[in-house]
Amino acid sequence: MASVSLRLTVSHEGVLVVHNQEDMSCYDLGRKRDFIISTYRLESSGVWTTDVPNTAPCGPGCRVRCHGERERVTGPRHPLLVVKCEVHGLSFTVYPPGFIPYSRQRLVPRHQRWEATMFEAALDADRDERWSDIGADGGFWSTQWRRLERLGLLLGLAGDARIGEEAAQALDVGLHVHAAAREAFERGGFRRRASALVKVLDALRSDGAEVLRRLLRAGVVTGYCGRSFWSDARFGVREVGAF
Ligand SMILES: [Zn+2]
């Protein structure tokens, strides 16, 4: 096997950049920020809290402390814990299960109500329910169309074919199902794109926790979101997909 000399640097935006020193090409992994997932509980005082993780994704040897709370304008309705590793100087936001950074809606539902997730836009469009042009009753059509595009990125239906195959594996969806959805998504308009998304979703939604794990793995492969790490008192933090 030919050896390739790679050099890794971190850009000022915190993005990992890989330089191939053989042919001087340089490509950007476009890594989004890693985040931690942990269960929040409602205290009798009415405040949602979660435990400070006993380690962090930047480990080993992390020393983690609370770094404050982040008020959310999107996503969960309560503030999120932000922790910082004093050894490696990195901070991480702690999300409740089902949420990912910068998303207004849940990635997976709590009670199988997929209409209350990011997939709402696709489920509506698949039923030919086009959101309003004037933003009445929930949303603008332009928002719905943009969300279809974002879902296409998440599931690997848009963009590079090789990443599409990796996404199919991460999602544990049959390659033929995924490839057919990819083709429909690439060529399709509003309704056909939505139907391609729903076909992949249907292949996925068998059971709650496993779907979340598969979507989070796909999100990393397609560059939609950073790596996610489950936190619990017994095991510390473990990367989703690595267990
Ligand atoms: Zn650390």
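**Exercise 1. Describe how α3 passes α4, and give the handedness, angle and contact residues.**

Solution.
Step 1. The crossing of α3 over α4 is right-handed (the near helix is turned clockwise from the far one by less than a right angle; anticlockwise would be left-handed). Helices here are DSSP runs of H or I of at least four residues, strands are E runs of at least two, and both are numbered from the N terminus.
Step 2. This is a predicted model: local features need pLDDT of at least 70, side-chain atom pairs count only at pLDDT 80 or more, and totals for chains, interfaces and linings use all residues. Residue numbers start from 1 along each chain as its sequence is written.
Step 3. The packing angle of α3 and α4 is about 135°, and their axes are 9 Å apart (axes are lines fitted to C-alpha atoms, for helices over the stretch in contact; angles run from 0 to 180 degrees between N-to-C directions).
Step 4. α3 is therefore oblique to α4 (under 35 degrees is roughly parallel, over 145 roughly antiparallel, 65 to 115 roughly perpendicular, the rest oblique).
Step 5. From α3, Gly164, Glu165 and Ala168 make the contact; from α4, Leu175, His178 and Arg182 do (contact: C-beta atoms, placed from the backbone, within 7 Å).
Step 6. By class, the α3–α4 contact has two nonpolar, two polar and two charged residues (nonpolar: Ala, Val, Leu, Ile, Met, Phe, Trp, Tyr, Cys and Pro; charged: Asp, Glu, Lys and Arg; polar: the others, Gly among them).

**Exercise 2. Which residues of α3 are buried, and where do they lie around the helix axis?**

Solution.
Step 1. Helix α3 spans residues 161-171. Its buried residues are Gly164, Ala167, Ala168, Ala170 and Leu171 (buried: 20 or more other C-beta atoms within 10 Å of its own; exposed: 12 or fewer; partly exposed: in between; C-beta atoms are placed from the backbone).
Step 2. Look down the axis of α3: the buried residues fall within an arc of 165°, so they line one face (the arc is that of the directions from the helix axis to the C-beta atoms).
Step 3. The background: an α-helix has 3.6 residues a turn, so residues three or four places apart point the same way.

**Exercise 3. What is the relative orientation of α4 and α5, and which residues meet?**

Solution.
Step 1. α4 covers residues 175-187 and α5 covers residues 190-204. They pack at about 165°, with axes 8 Å apart.
Step 2. That makes α4 roughly antiparallel to α5.
Step 3. The crossing of α4 past α5 is left-handed.
Step 4. On the α4 side stand Val177, His178, Ala181, Ala184 and Phe185. On the α5 side stand Arg192, Arg193, Ser195, Ala196, Lys199, Val200 and Ala203.
Step 5. The contact of α4 with α5 splits into seven nonpolar, two polar and three charged residues.

**Exercise 4. Work out the packing of α2 against α5.**

Solution.
Step 1. Helix α2 (residues 141-154) and α5 have axes that come within 10 Å and cross at roughly 40°.
Step 2. The two helices are therefore oblique to each other.
Step 3. α2 and α5 cross in a left-handed sense.
Step 4. Trp145, Leu148, Leu151 and Gly152 of α2 meet Phe190, Arg193, Ala194 and Leu197 of α5.
Step 5. In the contact of α2 with α5, six residues are nonpolar, one is polar and one is charged.
Step 6. Arg193 of α5 meets α2, and Arg193 is also listed in the contact with α4.

**Exercise 5. Locate the backbone exceptions at aspartate 172, glutamine 112 and proline 60.**

Solution.
Step 1. Recall the rule: most residues other than glycine have a negative phi, and most peptide bonds are trans.
Step 2. Aspartate 172 follows α3, in the loop between α3 and α4. Its phi is positive, about 60°, although aspartate 172 is not a glycine. With 15 C-beta neighbours inside 10 Å, aspartate 172 is partly exposed.
Step 3. Glutamine 112 also has a positive phi of about 60°. The loop between β9 (91-95) and α1 (120-126) holds glutamine 112. Glutamine 112 is exposed, with 11 other C-beta atoms within 10 Å.
Step 4. The peptide bond from glycine 59 to proline 60 is cis, with omega near 10°. Proline 60 sits in the loop between β6 (48-49) and β7 (64-70).

**Exercise 6. Where is glycine 159, and how far is it from arginine 182?**

Solution.
Step 1. Glycine 159 lies in the loop between α2 and α3.
Step 2. Glycine 159 has 15 C-beta neighbours inside 10 Å and counts as partly exposed.
Step 3. Glycine 159 and arginine 182 are 23 residues apart in sequence, and their C-alpha atoms are 9.3 Å apart.

**Exercise 7. How many helices and strands does the protein have, and what share of its residues is buried?**

Solution.
Step 1. The protein has six helices and 11 strands.
Step 2. Of its 243 residues, 30% count as buried.
Step 3. Among contacts between residues at least 6 apart in sequence, 48% join residues at least 24 apart.

Note on methods
Contact = placed C-beta atoms within 7 Å.
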